[in-house]
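Subject: Structure handover

Hello,

Here is the structure for you to open alongside this message. My notes follow below it.

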Amino acid sequence: MNFIEELRWRGMLNDMTPGTEEQLRKEMTAGYIGFDPTASSLHIGNLATIMLLVHLQRAGHKPFALVGGATGMIGDPSGKAAEREFLSEETLRRNQEGIRGQLTKFLDFDCGANSAEMVNNYDWFREISFLGFLREAGKHITVNYMMAKDSVKKRLETGISFTEFSYQLLQGYDFYWLYKNKGVRLQMGGSDQWGNITTGTELIRRKEGSASEGTDEHLAYALTTPLVTKADGTKFGKSESGNVWLDPAMTSPYQFYQFWLNTADADCPRLIRVFTLLSKEEIEELERQHTEAPHLRILQKAIAKDVTIRIHSQAGYDLAVKASEVLFGKATLDTLRSIESDEFAIIFEGVPQTEITADELASCKDITDLLSVGSKGEIYASKGEARRAISQNAVSLNKIKVSDPATSVDLEWLQERYILVSKGKKNHLLKKV
């Protein structure tokens, strides 16, 4: 597999320094991407750069993931309108461990010569003094060079601290340290990281330039991928509730699956190339099928399946599909009965619930009472509203349509304590206490 060609057809190649493709064709090359441990989990905004490492390793090269234990204490000004709050060392350490666990789902850390490695820049920055850093890095990069970077120029109007101003120098030193100690010759990232990455290639050139004087060989290389945006130009990676995290404790498999399932048709051709490992032929065939029957959401389901399995496992994907069928699909009472107790809470996470006591239940003479008075007006505000909805065949209880407002309340309780009320496409749980 040719790494650069793979990125080209997937639309994942934004820019690269001269000689990068030739270097990758010549020999196994070590390349890295940095991740700031600003949260205990990565999110889908990080996935595009993670996939760079995945394809690098698939092409026979060696991927490094740098977790910025040191630079995470400062924060990258790229794309930021204001300075971030500092995180404690304890918080950063906890976040690093979470990120480590997530990256193992994508990269092979035990496959021989091109096994992935994880490094933490705190391990080398804690050994260097301020004066030592100025001698090692500061004297080789001019202020003029640093101020010309877009990440700095955009912040000059609102103000930028020396701490954030120095970030590109710290990142540049990361590249230099990895070059000298790990043989890393390529740094990759999102297109907004170009300035920081090329500071590293420049630092290596100025400190080690004599090694290549009189030749056309470059010592270090840079490569970026386009930032993933929606077809309308807005930022990709947010749901109504905020970031979509890779940690199932922060975004459940069902929520994760639904995010991809709800992708707009116009965004799918780009997303399926960037976020899945499907081949060019497989993707083009799925696109053909989707064009013929867009209502089946073939592309969305293909993306959701591929990514959810890799993040949350086959079991997580199966549970997400079952949850989707229960809440929005053609599930039956038998489907509801088949849900295990530990799955039940996951599937119905986020579904509104109303508690009803034994006395309140006993006072309901029929379904109309149960869905209005018994639910304290949270399902239907009045008996009249409930009666009309039932008569119009707009209500299901445990996936069974109810058409008679006088139906008895002698119902089967799921898990011996729940009734699923479906009013159109909306779901509500009644919980017996």
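**What I found**

Glu416 is exposed, with a relative accessible area of 69%. That value is above the 50% cut-off for exposed residues. Glu416 sits in the loop that links strand S11 (400-402) to strand S12 (418-423). Its backbone also stands out: Glu416 is not a glycine, yet its phi is positive, about 65 degrees. Please keep in mind that this is a predicted model.

Arg297 has a positive phi as well, at about 55 degrees, and is not a glycine either. You will find Arg297 in the loop between helix H14 (280-292) and helix H15 (298-328). Its relative accessible area is 29%, so Arg297 is classed as partly exposed.

**The chain overall**

The chain has 433 residues, and 51% of them are buried. Its secondary structure comes to 20 helices and 13 strands. The C-alpha trace spans about 90 × 45 × 40 Å along its principal axes. About 20500 Å² of the chain is exposed, and carbon and sulfur atoms supply 50% of that area. Now take the contacts between residues at least 6 apart in sequence: 72% of them join residues at least 24 apart.

**The six-stranded sheet**

One open sheet holds 6 strands. Their order is S1-S6-S5-S2-S3-S4, and the pairing is mixed. Which strands stand at the edges? They are strand S1 (15-16) and strand S4 (117-120). Each has a single partner strand, so one side of each is left without a neighbour in the sheet.

The partner of S1 is strand S6 (residues 221-225). The two run antiparallel and are joined by 2 bridges. Met16 stands opposite Leu223 in S6. As a reminder, strands of a sheet pair through backbone hydrogen bonds, either parallel or antiparallel.

**Helices against the sheet**

Helix H1 (residues 3-10) packs on this sheet. It touches S1, strand S5 (184-190) and S6. The direction of H1 makes about 25 degrees with that of S6.

Helix H3 (residues 47-58) lies across strand S2 (30-35), strand S3 (62-67), S5 and S6. H3 runs at about 160 degrees to S2.

Look at Glu6 while you are there. It belongs to helix H1. Is Glu6 buried or exposed? Its relative accessibility is 11%, so Glu6 counts as buried; the cut-off for buried is under 20%. Leaving aside neighbours within four places in sequence, Glu6 is in contact with Met1, His55 and Arg58.

**A nonpolar patch on the surface**

Which residues make the nonpolar surface patch? They are Phe130, Leu131, Leu134 and Phe162. The patch covers about 470 Å². Helix H6 (residues 130-136) gives the most to it, with 3 residues.

Leu134 lies in helix H6. Its relative accessibility is 35%, so Leu134 counts as partly exposed. Patch residues need over 30% relative accessible area, so Leu134 at 35% passes that cut-off.

Best wishes

How values were computed
Residues numbered from 1 in each chain as written. Predicted model: local features only at pLDDT ≥ 70, side-chain atom pairs only at ≥ 80, totals over all residues. Heavy atoms only, no water. Patch = residues over 30% accessible without salt bridge, like charges linked within 9 Å, V, L, I, M, F, W, Y side chains within 5 Å. Areas by Shrake-Rupley, 256 points an atom, 1.4 Å probe, with all protein chains shown as cover. Salt bridge = Lys/Arg side-chain N within 4 Å of Asp/Glu carboxyl O. Helix = DSSP H or I, 4+ residues; strand = E, 2+ residues; numbered from the N terminus. Buried < 20%, exposed > 50% of the residue type's maximum accessible area, 1.4 Å probe, protein only. Pairing = 2+ DSSP bridges. Contact = heavy atoms within 4.5 Å. Axes fitted to C-alpha atoms, helices over the stretch in contact; angles between N-to-C directions.
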